[in-house]
Amino acid sequence: MFRYALKRLLGLIPTLFIVAIFVFFFIHLLPGDPARLAAGQEASAQDVELIRKDLGLDKPLPQQFLRFTSGALRGDFGKSMRTKRPVMTEIAERFPYTLNLTFAAMSWSVVFGLLVGIISAIHRNHLPDHLGMTLAVSGISFPSFALGLLLMSVFSVGLKWFPTVGADTPRHYILPAITLGAGVAAVMARFTRSAFLDVLKDDYIRTARSKGVAESMVILKHGLRNAMIPVVTMMGLQFGFLLGGSIVVERVFNWPGMGRLLLDAVDMRDYPVIQAEVLLFSLQFILVNLVVDLLYGIINPTIRYK
Amino acid sequence: MTVVRSPWSEFWRKFRKQKLALLSLAFIVLLVVIALAARWIAPFDAENYFDYNCINQLPSRAHWFGVDALGRDIFSRIVVGSRISLATGFASVALGAFTGTALGLVSGYYEGWADRVIMRVCDVLFAFPGILLAIGIVAVLGGGIFNVVMAVAIFSVPTTARLVRGSTLSLKHLTYIEAIRSVGASDAVILFRHILPGTIPVIVVYTTMRIGTSIITAASLSFLGLGAQPPTPEWGAMLNEARTDMVNAPHLAIIPSLAIFLTVLAFNLLGDGLRDALDPKLEQRC
């Protein structure tokens, strides 16, 4: 298991390297001259040249790329062109907000999605199933920004139950976490239901029932554990969508996280920030998928890692 | 005596039973008709008609969906906006599915180095979570609807490629493919006449679902100010404009939200119905 984890970790390096090349050249295709933008509209041509030199933009591209990767490996992504502060400091300030929000959304949506999925599977083609699946298909069809605006106008502006913007107290987390997790909960519910239906028709479930195991035990012990295998994969994939989705939800709730930082950076063509953020977002995503692969082994003992 | 059914009539026999999917299909057809005839249906100019006397007015007989903060008729804007949402949805998925299918066929049929290169590229595309890739692409190419279509299309390529590769791999070892090869059919004939049709159920179900997701992604980009720009009546952009006055004029946000929701819902329900009708495993279960 440990050796497998190590092997997979090393296997990430080429993918990450390609992602880094991608991100680096991506940004250099951006229209507009970053040095001119950093200097401001009124700066003289001389000042622009000075800033270009300062940022290392006058060097040939391969040299810039080397500088970028060696910096990135040390966690140094240069300075934000907008705030003149180190990019890592900017990101470090925002990161906990996005991480907490993502976890809050993930936890409620997984629990809720699993519950709805299991209940729907057990009561297949009956009222609870119809209700659950109607909720689920609506959940995947309702855009998160619309849901966020709706929740905010009803519960924050109208009823004043929750604060509208900011991220200071746990109460601030409730509406953004609901908004961000709704789609995931819906996908999890649909997926759990079909995984559960697949498992429930297997032979060992019939065996368990026929030897007189209580129905609740059949569902929880024999059913759930086996249905969890595809469900865990889905969770990993959904985590990636949460990271992406947080960009939109952060805009709606004016959340001081990485998503808003990224959008501001795109607006201002603050390319050191964009580079670092895209790289970190994909690093997170890749790591989560690795963790999911490793979780398989724990849930499903028939998988042996070599 | 067993009745011999063509795949098409077999599909129709099962699909016909899916009432919700049929209803969704009807709704989508209606939407397409509305989008095509938008110019004649919209009672007012969607971008350049301003009635300053009824700003933020609620729905009425003259203005079915009410009036927005600049005095524009919301019904006309929704109708004209349907063109954009449907066009971006269809175009991006068609482009993404076409590219992904081609890559998946090559990858699954030839395997070897082509397979490794294509799958590695897909891995890299998969390394960008959801909308991030689209934001990155729009950041490079700039905003506007055409670039949004490109950004959303790229998003569909890796999944289609993997799905098609998977079914190509399983189809190419079947006896009928071997038989065709043994009578001397060329690779192109085998791929396009015999393997491609076998992968179509997978592609159809996935792309139908994907249109819904793509419409949401495109609307999200416009909502973030990266896609269609005002005064274009794109639904996501309309929601973004509505944010400023949610208290006094909630209908400005509710109506475009409902438009996106119902459209995406229809595609998702249709996708569900198609899956149930095309999935051979399901019949054994029922």
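These are my notebook entries on a predicted model with chains A and B.

**Entry 1: confidence.** I began with the scores, since this is a predicted model. For the complex, the predictor reports an ipTM of 0.81 together with a pTM of 0.85. In chain B, I found a mean pLDDT of 83, with 95% of the residues scoring at least 70. I then looked up which elements of chain B mark the two ends of the range, and found that helix α2 (residues 19-36) of chain B has the highest mean pLDDT, 91, whereas helix α12 (residues 280-285) of chain B has the lowest, 46. Over residues 282-286 of chain B the pLDDT stays under 50, and the model has two contacts beyond four places in sequence for this stretch.

**Entry 2: chain A as a whole.** Turning to chain A, I noted twelve helices and zero strands, so I wrote the pattern along the sequence as α-α-α-α-α-α-α-α-α-α-α-α. Taken along the principal axes, the C-alpha atoms of chain A fill a box of roughly 85 × 55 × 30 Å. Chain A has 306 residues, of which 38% count as buried. When I looked at contacts in chain A between residues at least 6 apart in sequence, I found that 71% of them join residues at least 24 apart.

**Entry 3: where the chains touch.** Next I asked how many residues of each chain are in contact with the other chain. The answer is 37 residues of chain A and 33 residues of chain B. On the side of chain A that touches chain B, the elements giving two or more residues are α1 (2-28), α6 (127-141), α7 (144-158), α10 (215-252), α11 (258-268) and α12 (271-299) of chain A. Of these, α10(A) gives the most, with eight residues. By residue type, I recorded 27 nonpolar, eight polar and two charged residues on this side of chain A.

**Entry 4: two positive phi values.** Most residues other than glycine have a negative phi, so I looked up two that do not follow this. A:K84, which is not a glycine, has a positive phi of about 65°, and A:K84 sits in the loop between α4 (61-73) and α5 (87-122) of chain A. Is A:K84 buried or exposed? A:K84 counts as exposed because it has 8 C-beta neighbours inside 10 Å, and the cut-off for exposed is 12 or fewer. In chain B, B:E111 has a positive phi near 50° and is likewise a residue other than glycine. I located B:E111 in the loop between α4 (74-110) and α5 (112-126) of chain B. With 14 other C-beta atoms within 10 Å, B:E111 is partly exposed.

Note on methods. Residues are numbered from 1 along each chain as its sequence is written. Chains are lettered from A and ligands numbered from 1 in the order in which they are written. This is a predicted model: local features need pLDDT of at least 70, side-chain atom pairs count only at pLDDT 80 or more; totals for chains, interfaces and linings use all residues. pLDDT is the predictor's confidence in each residue, from 0 to 100. Helices (H or I, at least four residues) and strands (E, at least two) are DSSP runs, numbered from the N terminus. Two residues are in contact if their C-beta atoms, placed from the backbone, lie within 7 Å. A residue is buried if 20 or more other C-beta atoms lie within 10 Å of its own, exposed if 12 or fewer, and partly exposed in between; C-beta atoms are placed from the backbone. Ala, Val, Leu, Ile, Met, Phe, Trp, Tyr, Cys and Pro count as nonpolar, Asp, Glu, Lys and Arg as charged, and the others, Gly among them, as polar.
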